[in-house]
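Work through the exercises below with the sequence and the 3D view side by side. Try each task before reading its solution.

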Amino acid sequence: MKTHLLGIALLAASACSNKADAPPLPPGAKEVAISVDAKGYHPAEVSAPAGKPVRLLFTRSSDDGCGQQLVVPEQKIRKDLPLKEPVAVDLTMPASGKVRFTCGMDMYEGAVVVE
Ligand SMILES: [Cu+2]
């Protein structure tokens, strides 16, 4: 029983520290929530203003599939997505075009498109 309670306390502590990892949202930054399941990203395409910071808040909802890692190839970002824990990924949008994001093996694909 004691070890069980300790486990819960540790889980709560790690969830808190994870949230603290995300710096405050830059002023004017757009925040978009994206869920990850066995089929990919939902929504798979979002938009954000040109040249501005944008925060994608990924939450993986399933252990099936390949969503355990999130990669933004052009911005050299690679993050683990723990199950059911929101993970903030901060990007800076280019002047035009889009920023692709993928799973660790480039099977799932999504993009942030300049508005
Ligand atoms: Cu994959």
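**Exercise 1. Describe the sheet that has four strands: its order, its edges and its twist.**

Step 1. The four strands form an open sheet in the order 2-1-4-7, and their pairing is mixed. Strands here are DSSP runs of E with at least two residues, helices are runs of H or I with at least four residues, and both are numbered from the N terminus. Two strands pair if DSSP finds at least two bridges between them.

Step 2. Strand 2 and strand 7 are the edges; each has a single partner strand, so one side of each has no neighbour in the sheet.

Step 3. On average, neighbouring strands of this sheet are turned by 30° against each other, direction ignored. The axes are lines fitted to C-alpha atoms, for helices over the stretch in contact, and angles run from 0 to 180 degrees between N-to-C directions.

Before going on, note two conventions. The model is predicted: local features need pLDDT of at least 70, side-chain atom pairs count only at pLDDT 80 or more, and totals for chains, interfaces and linings use all residues. Residues are numbered from 1 along each chain as its sequence is written.

**Exercise 2. Go through the pairs of this sheet and state whether each is parallel or antiparallel.**

Step 1. Recall that strands of a sheet pair through backbone hydrogen bonds, either parallel or antiparallel.

Step 2. Strand 1 and strand 2 are antiparallel, with three bridges. They form a hairpin that has two residues between the strands. Val36 has Tyr41 as its bridge partner in strand 2.

Step 3. Strand 1 and strand 4 are parallel, with seven bridges. On this side, Val36 stands opposite Arg60 in strand 4.

Step 4. Strand 4 and strand 7 run antiparallel and are joined by six bridges. Here Leu57 faces Ala88 in strand 7.

**Exercise 3. Is Ala33 buried, partly exposed or exposed, and what does Ala33 touch?**

Step 1. Find Ala33 in strand 1.

Step 2. Apply the cut-offs: a residue is buried if 20 or more other C-beta atoms lie within 10 Å of its own, exposed if 12 or fewer, and partly exposed in between, with C-beta atoms placed from the backbone. Ala33 has 13 other C-beta atoms within 10 Å and is therefore partly exposed.

Step 3. Leaving out residues up to four places away in sequence, Ala33 touches Leu57 and Thr59. Contact means that the C-beta atoms of two residues, placed from the backbone, lie within 7 Å.

Step 4. Val46 is 13 residues from Ala33 along the chain, and their C-alpha atoms are separated by 9.6 Å.

**Exercise 4. Describe the sheet that has five strands.**

Step 1. This open sheet has the order 3-9-8-5-6, with mixed pairing.

Step 2. Its edge strands are strand 3 (45–48) and strand 6 (77–80), each of which pairs on one side only.

Step 3. The twist from one strand to the next averages 20°.

Step 4. Strand 3 pairs with strand 9 (residues 109–114) in the parallel sense over four bridges. Glu45 stands opposite Ala111 in strand 9.

**Exercise 5. Which residues of the largest nonpolar core touch the most other members?**

Step 1. A nonpolar core is a set of buried Ala, Val, Leu, Ile, Met, Phe, Trp, Tyr and Cys residues joined through C-beta atoms within 7 Å.

Step 2. The largest core has 15 residues, of which Ile34, Val54, Leu56, Phe58, Met93 and Val112 touch the most other members. Strand 1 (30–37), strand 4 (53–60) and strand 8 (98–103) are the elements that give two or more residues to this core.

Step 3. Take Ile34 as a case: beyond four places in sequence, the residues it touches include Tyr41, Val46 and Leu56. Pro43 is another of the residues touched by Ile34.

**Exercise 6. Look at unusual backbone angles in three loops.**

Step 1. Pro43 lies in the loop between strand 2 (40–42) and strand 3. The peptide bond from His42 to Pro43 is cis, with omega near -5°.

Step 2. Lys84, in the loop between strand 6 and strand 7 (87–92), has a positive phi of about 60° although it is not a glycine. Lys84 is exposed, with 11 other C-beta atoms within 10 Å.

Step 3. Asp106, in the loop between strand 8 and strand 9, has a phi near 65°, again positive in a residue other than glycine. Asp106 counts as exposed because it has 11 C-beta neighbours inside 10 Å.
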